[in-house]
Amino acid sequence: MSTDTHVSNRWSSRYAYVLAATGAAVGLGNIWKFPYIMGENGGGAFVLVYLLCILFIGIPIMMAEVVIGKRGRSTPANAVAHCAQEAGKSSRWSLIGSMNVLAGFLILSFYAVIAGWAAAYVYFAATGEFSAAAADATTHTQVIGDLFVGLITDVKQLLIWTTVIVGSAVFVISKGVKGGLETAVTYLMPALLVLLVVIMFYSAVVGDFSAAFSFMFHVDFSQLTIKGVLVALGHAFFTLSLALGIMMIYGAYLPKGVSIAKTSIMIAVADTIVALIAGLAIYPIVFASGLEATAGPSLLFQSLSIAFGNMPFGDFVGTLFFVMIVFAAFTSVIALLESPAAYLVERQGMSRTKAAIISGSGIWLLSLLTIFSFSGAEWTKLSFGMGADLFEFLDYITANIMLPLGGLLISVFTGWVMKQEVVKEELNLPDWQFSIVMLILRWIAPIAILLVFANAVGLLQLS
Ligand code: TRP
């Protein structure tokens, strides 16, 4: 394998890099997924475990990925191969990269469907569905619930929205017109954060803030299960966009002299803050309007559309909010589609357009599994003991198995395979800090991941 596909572009500044990487990290994972998995896994204790996973596993593994990307200055598989060769080890280690591509592909197949839901909600908000539902307070929650169920069980609507999302992503990738989009996102992401904070304050005033706060931060370990620990670990990878080669690609463009450790911490902190704010925006409404914390994937959509129904200018604010969610999700869809497309260009020598169309079609076909899962089709009830249907299966096998496994390989690779002087040089930390990072990458992260896995194996009663 050649390792001479070196990239020569660089981020224009440390700020540009942190913003772009935070943009890739913040997405449906923070605003849609984190709040509902927290609810399904009992609240406070889950949040605590999640924060520990981010701190002790997510951040060091992010550093490791950036180190590999920066050292290899190349696409993920080649960067890994380069680092392995430099240490006199087998370039087979680059297989890590192939598993990453597969995991990203599977994630995208359901991510695109949920992005489609958000697009449908832009339409609902703009056409006044939220305020109409609020007209009668006694049926408000019910009507909003029906709106959601009506959407997710309507295969035709979902096919249209998913096709719009995947089709636009294919267009953007094949035309290489990402530049404009990236500029747009650098404005939209901070705007999303501001809007989320506004919604959080609104929820705090009209909803049950103290119930939400104690749900999220009162730690009661009796509520935590081993499955919850696995979900928290998996989500730490998912939300930081780890183990998919993304941070390696970003690291490849890192200018000299930027601290990998400091910027990784900044990205992770920003990502975590967005997730916590999303929780604080959603739960006061959940508890005040009789929704269930354990509702699952519907939680964001139902709680906030109730809030928008009651809010002054709610249809407008709701439209704005869901437009921003669509953008945040769309940038992730593009990042995720980019890697299989780039793989086809690099390995199969395809043209960009052809590669984008082929990967997009693959995603579209695979997304049918998720679409039909939500409509309750009988054949989707198959999940091999991992969740209730094929959507939950795809989520489980990617977030809870493939990403932690990828993270394990990355930490072992950086801790044991790469030349230690190289890692030290790239991290450029004082000795004692470097020792801590290495202790985590060599021992703590791999052992913690293996322990969680070993305990979780009992959960998979294959049926
Ligand atoms: N981190 C994203 C989120 O929280 C999801 C994601 C995972 C992602 N891996 C990715 C996005 C790779 C872009 C690229 O929603």
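This is a short dialogue about reading one predicted model.

Biologist: Before we start, what kind of model is this, and how are residues numbered?

Modeller: It's a predicted model, where local features need pLDDT of at least 70, side-chain atom pairs count only at pLDDT 80 or more, and totals for chains, interfaces and linings use all residues. Residues are numbered from 1 along each chain as its sequence is written, and side-chain values use heavy atoms, with hydrogens and water left out.

Biologist: Let's go for the ligand. Which residues come nearest to it?

Modeller: A residue is near a molecule if one of its heavy atoms lies within 4 Å of it. Here 15 residues surround the ligand, and the nearest are Ala25, Gly29, Tyr111, Phe238 and Ser241.

Biologist: And which helices supply at least two residues of the shell around the ligand?

Modeller: Helices are DSSP runs (H or I, at least four residues), numbered from the N terminus. Those that each give at least two shell residues are α1 (14-25), α2 (28-40), α11 (226-239) and α15 (314-348).

Biologist: Where are the polar contacts of the ligand's oxygen and nitrogen atoms?

Modeller: For a polar contact, look for a pair of N or O atoms within 3.5 Å; within protein, one must be able to donate a hydrogen and the other to accept it, and residues adjacent in sequence count only if both atoms are side-chain atoms. In this structure, a polar backbone atom of Gly29 is 2.8 Å from a ligand oxygen. Leu28 also has a backbone N or O atom 3.1 Å from an oxygen atom of the ligand. On the nitrogen side, a side-chain N or O atom of Ser241 is 2.9 Å from a nitrogen atom of the ligand.

Biologist: How much of the ligand does the protein bury?

Modeller: Accessible areas come from the Shrake-Rupley method with a 1.4 Å probe; for residues, only the protein chains shown count as cover. Taken alone, the ligand exposes 360 Å², and 100% of that is buried by the protein.

Biologist: Where does the ligand sit?

Modeller: A cavity, on a 1 Å grid over the protein atoms alone, is a set of points where a 1.4 Å probe fits but cannot get out. A molecule sits in one if more than half of its atoms lie within 2 Å of its grid points. By that test, the ligand is in the largest cavity.

Biologist: Now backbone angles. What is the usual sign of phi?

Modeller: Most residues other than glycine have a negative phi. Ala243 isn't a glycine, yet its phi is positive, about 60°. You'll find Ala243 in the loop between α11 and α12 (246-252). Asn428, also not a glycine, has a positive phi of about 50°, and its place is the loop between α18 (420-427) and α19 (431-457).

Biologist: Are Ala243 and Asn428 buried or exposed?

Modeller: Buried means under 20% relative accessible area, exposed over 50%, and partly exposed in between (1.4 Å probe, protein chains only). Ala243 has 1% relative accessibility, so it counts as buried. Asn428 has 64%, so it counts as exposed.

Biologist: Can I try that on some helix residues?

Modeller: Sure. Met38 lies in α2 and is buried at 0%. Phe413 belongs to α17 (residues 390-417) and is likewise buried at 0%. Gln142, in α7 (residues 140-152), is exposed at 52%. Ile444 is in α19 and comes out partly exposed, at 39%.

Biologist: How far apart in space are Phe413 and Arg442?

Modeller: Their C-alpha atoms are separated by 8.9 Å, with their positions 29 residues apart along the chain. For Met38 and Val412, 374 residues apart along the chain, the C-alpha separation is 29 Å.

Biologist: Last one: how many disulfides does the structure hold?

Modeller: A disulfide is a pair of cysteine sulfur atoms within 2.5 Å. The structure holds zero. As for individual cysteines, Cys53 is buried with a relative accessible area of 8%, and Cys83 is buried at 1%.

Notes
On a 1 Å grid over the protein atoms alone, a cavity is a set of points where a 1.4 Å probe fits but cannot get out, and a pocket is an open set with protein on both sides within 12 Å along at least five of seven lines; lining residues have an atom within 4 Å of a point.
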